[in-house]
Amino acid sequence: MNVEEDKKVIVEIKGVNKIYGSNHVVKDLDLTVYEGEFLTLLGSSGCGKTTTLRMVAGFEEPSSGIIRVEGEDIQNKEPFERDVNTVFQSYALFPHMTIYDNVAYGLKMKKVKKAKIKEKVMNMLELVQLGGFERRYPSQLSGGQKQRVAIARALINQPKVLLLDEPLGALDLKLRKQMQLELKRLQRKLNITFIYVTHDQEEALTMSDRICIMNEGVLQQVGTPVDIYESPQTKFVATFIGETNLFEGSVLEKQGDKMRIVVEPGDFKVRGGGFNHGDMVAVSVRPERMLYSESPVEGFGLMGIVKEQVYVGSVLKTIVVLSNGNEIKIERLAGQELPTGGQVYLYWNDGDAKLIHTFDNVFAQAVENIVMK
Amino acid sequence: MKKISKHTFRSNTLPAMTTVGPVSLWLLFFVAIPLLYVLVMSFCSLDESYNVVFKFTAENYARLMDPNYIQIYTTSILVAFFTTVLCIIIGYPFSFLIARTKWKHKALLYMMVIIPFWTNSLIRIYGWRTFLGTGGWLNHMLLMLHITSEPVEFLFNKGTTVLGMVYCLFPFMVLPLYTAIEKLDSTLLEASSDLGAKGSVTFRKIILPLTMSGVFSGSIMVFIPCLGYFFVSDILGGGNSDVIGNLIERQFQSGNNWPLGAALSIILILITLLLVKIYQKLGGDMDSLGV
Ligand SMILES: Nc1ncnc2c1ncn2[C@@H]1O[C@H](COP(=O)(O)OP(=O)(O)OP(=O)(O)O)[C@@H](O)[C@H]1O
Ligand SMILES: [Mg+2]
């Protein structure tokens, strides 16, 4: 967090809401984007990612709240007055213009001199590896090439912020991987802030400096990929990113930072601050951190039956069924196989369990339900 | 206006015959033969009692250069030109509005343009005559409001003919324009704005070029009938703004000179073909003409 504080803020979204009729699409969004970073908005379909991006671009107006770019409120600025550019998912290349004219469009609007435009366009096309394509029309390009033109066209104005709405969504997997690397390379090279929308978590984890996870219009967590994966702050984040095992229960005993937590199928001891006796808690343990033993383990009262074991590549995946029917996923590098139907005791190392407050979420939900009704 | 892919029936000609056959027959009897008839007729001559005789002559074509006729061609082209321009000027914003309104009943707006044109156009043109005539509604109103002291003659000039033509042919402009504007991808407009273009620039650089095909087909569909809609200039123009159609009609009716009428018709057909050729050369799409 300290590192971020010395960085310059470039986009600031404060208390932004977007309501379409009775559909509350973006709820009280607060988000700060720093100069030169690659920030990804990640969330399932319909959670409001595109809407957020469109509000920054100026195609939609927030129902309430403020958006600032470099400290300046942009509410009254038309899209053409904003120093941000967009790469559209559908490319949105102008079909009646050549690649050259498409890329030159932004510069022509700025009334840049012809010779200068030519130089810049050629450089930009070179940069996106499309040298020699300038006389072609969009219909004569492949999907990946169109995507590059769209990126070149948006980058040529050297915007302060580049907004990308699932720019690779229409590409096949291989091309997508390749374009991910290229985009990242471009972003580093040009040092332009990217706000990138995707619903592909792998894409988000590999490309982003920070990820902002949204669910149903509510920002869940913002952090580095490692942060998000290792310390999810909401149940949604824990289950949305990667696989996890979630135990929901409450704090039964507390001594210093040691707590005993009861869950439906048993109980266990964990370390963790910030909880009080009786608090509702969700405990997330990633499959690769989950351990099992054939004899009871001190501090853990979780017992289950081995349901299934399969090798997936070099990884042995085990599914253990708890007494309440919940299935626990365990992954470990190849080791001794357990007999199916055998009894095992689950445990994990200190620090591998992530504690998440759930009371607040339930409470907030309840309040919202009441207010909405 | 879907494009029908051009199939080639190489292996199986029988099914091809059954599908293409009736259409070919239809075309043969209702297009090719009548056309041939008109063509032959245009080279025939008249005897003393104005009967058509099959005696070859090119005189009908020579008479087409008559200065009086050239005057009518000029008027005709002027009327068609102004009608087309007016249809574009009114039709474009109009089509734009109904094609891009966010209102969910936009089909209704569209129908409101089309439905009146299901009634006979002759009747509607007469409607204009009663409305604009010296004893008509408009003059009644003007007199009642003391704007004028005597009835004004609105009718019987080129202006009223153009008005009638615009009124009759307007939907033919709106149809292709609406289609072209409707299918314009709105993200292109957003992209243009995003790249720094003001609304007027986006209109000039993106919207207009991408809907030009609609303007072209609309123009063709208005200009060509305009040359032939004789009843409009008859009723509203009162002989002061005859179009080629009037000339042709007169040869077949009062003039009783069918060969000359046929020659004029052939010329009109040639003009039409020429315009369509130009349209194609400009990159026009034949499908959007509905042919
Ligand atoms: N113009 C609009 N009018 C009404 N509702 C809208 C409009 N645009 C978006 N919505 C609604 O807002 C919600 C969020 O839409 P948005 O496009 O932001 O989702 P998203 O997160 O980008 O999803 P996806 O991953 O599928 O693209 C959806 O429920 C959508 O139906
Ligand atoms: Mg979206």
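Two strands are counted as a pair where DSSP finds at least two bridges between them. On that basis, β1(A) and β2(A) form a hairpin with two residues between the strands. Gly21(A), in this hairpin, takes a positive phi near 55°. The model described here is predicted.

The two strands of this hairpin pair in the antiparallel sense, and eight bridges join β1(A) to β2(A). Val9(A) is placed opposite Tyr34(A) of β2(A). Strand β1(A), residues 9-20, also pairs with β4(A), residues 64-69. This second pairing is antiparallel and has five bridges. Here Lys14(A) faces Ile66(A), a residue of β4(A).

Strand β4(A) in turn pairs with β5(A), residues 72-73. Two bridges join them, and the strands run antiparallel. Val69(A) has Glu72(A) of β5(A) as its bridge partner. A hairpin connects β4(A) and β5(A), with two residues between the strands. In that hairpin Glu70(A) has a positive phi, near 50°.

Together these pairings give an open sheet of four strands in chain A, in the order β2-β1-β4-β5. Pairing within the sheet is antiparallel. Strands β2 and β5 of chain A form the edges, each pairing on one side only.

The ligand site was examined next. Ligand 1 is surrounded by residues of chain A, including the run Ser45(A), Gly46(A), Cys47(A), Gly48(A), Lys49(A), Thr50(A) and Thr51(A). Tyr20(A), Asn23(A) and Val25(A) also belong to the shell, as do Glu166(A) and His199(A). By class, this shell holds three nonpolar, seven polar and two charged residues.

Polar contacts to ligand 1 come from both side chains and backbone. The side chain of Tyr20(A) places an N or O atom 3.5 Å from a nitrogen atom of ligand 1. Cys47(A) contributes through its backbone: an N or O atom there is 3.1 Å from an oxygen atom of the ligand. In the side chain of Glu166(A), an N or O atom lies 3.3 Å from an oxygen atom of ligand 1. Ligand 1 exposes 640 Å² when taken alone, and the protein buries 61% of that area. Two elements of chain A, β2 (23-34) and α2 (49-57), each supply two or more residues to the shell. The largest contribution is that of α2(A), with three residues.

The second chain was then considered. Chain B contains twelve helices and two strands. Its elements begin, from the N terminus, with a helix and then two strands; helices follow from there on. The C-alpha trace of chain B spans about 80 × 75 × 30 Å along its principal axes.

Chains A and B are in contact. Chain A contributes 23 residues to this contact and chain B 18 residues. About 1700 Å² is buried between the two chains. Carbon and sulfur atoms account for 64% of this area. On the chain A side, Phe80(A), Tyr105(A) and Met109(A) lose the most area to chain B. Together these residues make up 34% of what that side buries.

Note on methods
Residues numbered from 1 in each chain as written. Chains lettered and ligands numbered in written order. Predicted model: local features only at pLDDT ≥ 70, side-chain atom pairs only at ≥ 80, totals over all residues. Heavy atoms only, no water. Near = heavy atom within 4 Å. Polar contact = N/O pair within 3.5 Å; in protein donor to acceptor, adjacent residues only side chain to side chain. Areas by Shrake-Rupley, 256 points an atom, 1.4 Å probe, with all protein chains shown as cover. Nonpolar A, V, L, I, M, F, W, Y, C, P; charged D, E, K, R; others polar. Contact = heavy atoms within 4.5 Å. Buried area = accessible area lost by both parts, 1.4 Å probe.
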